[in-house]
Amino acid sequence: MTYKITVIEGDGIGPEITRQAVSVLQKAAGLCGFSVKITKALLGGEAIDQTENPLPEETIEICKASDAVFLGAVGGPKWDGLPGNMRPEAGLLKLRSSLELFANLRPAVAYPALRAASPLKDELLKDGLDLLVVRELTGGIYFGERGRRHVNGEEAAFDTEEYLESEIRRVSKVAFELAEKRSGRLCSVDKANVLESSRLWRETVTALSKEYPEVLLSHMYVDNAAMQLIRNPGQFDVIVTNNMFGDILSDESAIITGSLGMLPSASLGGTQLGLYEPVHGSAPDIAGKDMANPIAAILSVAMMLKYSLGEPAAAGMIEKAVEHALLSGARTPDIAKAGEAASGTREMGERIVKELDLA
Ligand code: NAD
């Protein structure tokens, strides 16, 4: 079996972390008896420099013809002065919508070896943490009608939260299916005590739950969820929520794990094709210095194997290899304690490949 993977290295630390992610992918493929055919594509700053377009049409075509897309990161100060629609990040938003990727999955896993890096007290993480936030990605207030107007002689601004029932249903379906494969617990987060859009959200998720009798559905208001994530994160398994609440709660759950450099993500749509990328950006402050943590990128490859390629064994091997490398003391500067020796990006990647060999 050969899978077609589009690889977008991007800007800043993008190329450095992507190199390590690709070598881990190729190693895992060799060990598990499949192969990958990699096609590179342009996006973001690099695409602007070469084509004057943050998302060349050719990139969309290459991505659509592949089984999965991997992205390093895009953006940087060089392109900050460009108009909004010409900036690197605009290319990424357009790519997600061109591929109709409406569900964003962000797992937050607290590794025992990195307990000290988490801002939470030890006792809150003593049983470990492995939760998954499913965020609606292409609707809601970030895409609704917005504008400025004058009200009683003063400036006013508005943004609109609107959801179609079908938009809520399709992202909730993804969340129910994931919960079914995990612990069977799903918490839907909304603000149904105040917002009409949240009331439709709650009605739709509740109606859909009839199709998933094995999943225990609960509902929580977003203000309470923000508090509960810090008070007792272990109570959650899968969380599903709208675009804006998901944006905020996924960052909050992410920091529980200790470093932005550890967090992978997947964006899925109605087909097998998904976009896999670390949560962090292009980190221009450390680009080219062999200091970036490649683990978020490497774990994004594991998500790709699980969700787009149907190779869960290879995904599991990578996750174990990361855990073993951390247990054996491998640390990039962002996760090292003060005074502790740290590895570079390349060495961390090589240690994870070595752990795969030992598996
Ligand atoms: P950032 O995530 O790039 O960096 C924030 C901080 O985290 C920096 O101190 C950085 O050094 C550190 N960091 C990030 N990734 C790391 C890693 N793998 N290892 C170690 N440390 C890491 O966020 P920012 O500084 O706000 O943005 C920089 C650029 O990235 C901007 O142009 C922004 O628009 C872009 N951005 C892109 C994406 C994406 O491509 N998906 C996401 C967020 C930001």
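A residue counts as near the ligand here if one of its heavy atoms lies within 4 Å of it. Keep that cut-off in mind as you click around, and remember that this is a predicted model.

**Stop one: the ligand**

Select the ligand and expand to the residues around it. You should pick up 20, and of these V74, E89, G281, A283 and N293 come nearest. Color that shell by class and you get nine nonpolar, seven polar and four charged residues.

Now turn on the polar contacts. Start with A283, where a polar backbone atom sits 2.8 Å from an oxygen atom of the ligand. Next, show the side chain of H280: one of its polar atoms is 3.2 Å from a ligand nitrogen. Then go to E277, whose side chain places an N or O atom 3.3 Å from a nitrogen atom of the ligand. How much of the ligand does the protein bury? Taken alone, the ligand exposes 800 Å², and 68% of that is buried by the protein.

**Stop two: the sheet**

Hide the ligand and switch to cartoon. Ten strands make up an open, mixed sheet, and you can walk across it in the order β2-β1-β3-β12-β11-β4-β5-β10-β8-β9. Select 35–40 for β2 and 216–221 for β9 to see the edge strands, each of which pairs on one side only. Look along the sheet for the twist: neighbouring strands are turned by 25 degrees against each other on average, ignoring direction.

Zoom in on residues 264–268 (β11) and 274–278 (β12). These two strands run antiparallel and are joined by five bridges. For one facing pair, pick A266, which stands opposite Y276 in β12.

**Stop three: two helices across the sheet**

Select residues 88–98, helix α4. This helix lies across β1 (2–10), β3 (68–73), β11 and β12, and runs at about 150 degrees to β12. E89 from the ligand stop is among the residues that come nearest to the ligand, so to speak a handy landmark while you're here.

Finish with residues 243–256, helix α8. Which strands does helix α8 lie across? They are β4 (103–110), β5 (129–136), β8 (185–190) and β10 (238–241), with the helix running at about 160 degrees to β5.

Conventions:
Residues are numbered from 1 along each chain as its sequence is written. This is a predicted model: local features need pLDDT of at least 70, side-chain atom pairs count only at pLDDT 80 or more; totals for chains, interfaces and linings use all residues. Side-chain values use heavy atoms; hydrogens and water are left out. A polar contact is a pair of N or O atoms within 3.5 Å; within protein, one must be able to donate a hydrogen and the other to accept it, and residues adjacent in sequence count only if both atoms are side-chain atoms. Accessible areas come from the Shrake-Rupley method with a 1.4 Å probe; for residues, only the protein chains shown count as cover. Ala, Val, Leu, Ile, Met, Phe, Trp, Tyr, Cys and Pro count as nonpolar, Asp, Glu, Lys and Arg as charged, and the others, Gly among them, as polar. Two strands pair if DSSP finds at least two bridges between them. Helices (H or I, at least four residues) and strands (E, at least two) are DSSP runs, numbered from the N terminus. Axes are lines fitted to C-alpha atoms, for helices over the stretch in contact, and angles run from 0 to 180 degrees between N-to-C directions. Contact means heavy atoms within 4.5 Å.
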